Amino acid sequence: MPVLQLDDQQFPLKAGATRIGAGAGADVIVPGYSAIAVEAVIDGGATPTIRRAEEAAHVRVNGVLLGAEPTPLMHGDKIEVAGLEFRYADDAKGGATQFVSASEIAAKAGARRTGAARATAAAGGRLVSLVDGKEYAVADSGLVFGRDASCDVVVAQNEVSRRHAEIVIGDEGYVVRDTSANGLYVNGERVQGSHKLARADVLRIGSEEFRFYADVLAATPASAPKPSAPMAAPPAAPPAPAAPLVAKAPDAGLMDMDILPVMVAMPAAAPQAPAAAPVSPPAPVSPPAVKDPRPVVAILESRNEGSEKGTKYELRTPLGHVGRGAHNDVRLSDESVSETHAKLQKRDDGWYVVDMDSTNGTYVGGSRVSGERKIEGSSDVRFGGMKFRFTAVGPSSAAELEAKGTRAITAMGRPSAMEAAPSTAKTPIPAGSTPASEPAKSGGGIPAWVWIVVGLVVVAGVVSFVLKGRA
């Protein structure tokens, strides 16, 4: 018989409608909240469903606010009413454990971690289901897997024990412990007792798989080398022979003769050339970033916790590829993302996401994509373990622009030579006047005074010639 569990209490569900809340009409009374009315109604049947009793009621199922439509209930679902969390349990799913041979379980090879193991810190632990994309945070008290409805992650399968496994926080990160009859597998290998988890490890419980994530352990700086034992001092060099004493001239400056032998005996140190400063190679100059002139047609905004949260990836073409490889338009370095994971394509009726047979799946709104699926409005999209918010940005074709009354201009005409050339016009000068800063010029660009001098020379030559002829 299906029941609701609240701590140690159990409330059997009727074949018809079971009302949850307070007041005379409630079948399951929420303790301590006499002011509220009936909040939720569970309709029994072959597939029980839950719905809001009133439009203003706030009911959550597995942390998601219940909408106007009824939602089917499954064994292990968590129902939150007035701040209290009930658990839905079905006796048909909580029967005895069915033992399965180890060879049969090992034959169900599933996903594995890609790349080398990466150590994690004891923070940010979470699991992502590779079946339906649900995410489970690892609390400080740990996380319990099992068939029983009281477990944090419920896997309602006969080969799964009531309390199958648990994840706890250890001194050096997260540790998973096996408490089952049929075993727990990490990256395809059965766990013996306990196992320290690394980032992107895949846990298999029954036939369901979960990928583990946590904050990456920061690399510790290399310790400075310890000083070695002091070495014996090298033998002292033999003293240099003393220079011969030189007699002082009578008029030499006064000097204490007791000091003179000492000063002469100490050879002057040869001047040492200054050590050349090390010359570092010139830093390479990176070319300036070139801004893509194409308009943005869609945006992927990261929803993952950590330093990457809020990072935006812009799509400028109606077809964009997502994956870990360098050839993708949106390149993601996470281990859960395949080399070519998915593609985003804009068609006449909107945007579509197409899964490229990825290992860990593509999800839209928490549901795994099989083949392709249309993205309705701004929706949550997940590639493996990477969560994003997809947003289409405005019209991207001339037809859509014209439909909204805007004409797309494909090219701009070149400016004419008169428009392109810089203006060289000067302030107009009145006729008959000459600027003071520029001498008056005649034809050909020769100053007028040159022509006057030439004329005078010619006239003088003619007069001289005439006078000679008369003489």
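This passage walks through a predicted model of one protein chain, going from the whole chain to a few strands and single residues.

Let's start with the big picture. Five helices and 33 strands turn up in the protein chain. Of its 471 residues, 30% are buried. The chain exposes about 30,200 Å², and carbon and sulfur atoms supply 58% of that area. As for contacts between residues with a separation of 6 or more, 43% of them involve residues 24 or more positions apart.

Now for the strands. One open sheet has six of them, in the order S2-S1-S11-S10-S7-S8, and the pairing is antiparallel. Its edge strands are S2 (9–12) and S8 (64–65), each of which pairs on one side only. Inside that order, S7 (residues 59–61) and S10 (residues 78–81) are antiparallel partners, held in register by three bridges. Here Val59 stands opposite Val81 of S10.

Both of these valines come up again with Glu39, a residue in the loop between strand S4 (28–29) and strand S5 (40–43). Is Glu39 buried or exposed? Its relative accessible area is 14%, so Glu39 counts as buried, the cut-off being under 20%. Setting aside residues up to four places away in sequence, Glu39 touches Val59 and Val81, and its other contacts include Ile20, Gly21, Ala57 and His58. Arg51, Arg52, Ala53 and Glu54 are also among the residues that Glu39 touches. A little further along the chain comes Glu55, 16 residues from Glu39, and the C-alpha atoms of these two are 9.3 Å apart.

Another set of strands sits later in the sequence. Strand S14 (residues 143–146) runs antiparallel to strand S16 (residues 165–170), with three bridges joining the two. Val144 has Glu166 as its bridge partner in S16. On to the next pairing: S16 is also antiparallel to S17, this time over six bridges. Just two residues lie between S16 and S17, and the two strands form a hairpin. Within this hairpin, Val168 has Val175 of S17 as its bridge partner.

S17 covers residues 173–178, and Asp178 belongs to it. What is the nearest side chain of opposite charge to Asp178? That would be Arg190, at 4.7 Å, and Asp178 has no salt bridge even though it is buried. The distance explains this, because a salt bridge needs the charged atoms to be within 4 Å. Asp178 does have a polar partner, though: its side chain makes a polar contact of 2.6 Å with the side chain of Ser180. Neighbours within four places in sequence aside, the contacts of Asp178 are His164, Gly183, Leu184, Val191 and Gly193.

The last stop is Val364, which is found in strand S29 (residues 362–364). This valine has a relative accessible area of 9%, so it is buried. Not counting residues up to four places away in sequence, Val364 touches Val353, Val369, Arg373, Ser379 and Asp380. Phe388 is 24 residues away from Val364 along the chain, and 9.8 Å separates their C-alpha atoms.

Conventions: Residues are numbered from 1 along each chain as its sequence is written. This is a predicted model: local features need pLDDT of at least 70, side-chain atom pairs count only at pLDDT 80 or more; totals for chains, interfaces and linings use all residues. Side-chain values use heavy atoms; hydrogens and water are left out. Helices (H or I, at least four residues) and strands (E, at least two) are DSSP runs, numbered from the N terminus. Buried means under 20% relative accessible area, exposed over 50%, partly exposed in between (1.4 Å probe, protein chains only). Contact means heavy atoms within 4.5 Å. Accessible areas come from the Shrake-Rupley method with a 1.4 Å probe; for residues, only the protein chains shown count as cover. Lys and Arg count as positive and Asp and Glu as negative; His and the chain ends are not counted. A polar contact is a pair of N or O atoms within 3.5 Å; within protein, one must be able to donate a hydrogen and the other to accept it, and residues adjacent in sequence count only if both atoms are side-chain atoms. Two strands pair if DSSP finds at least two bridges between them.
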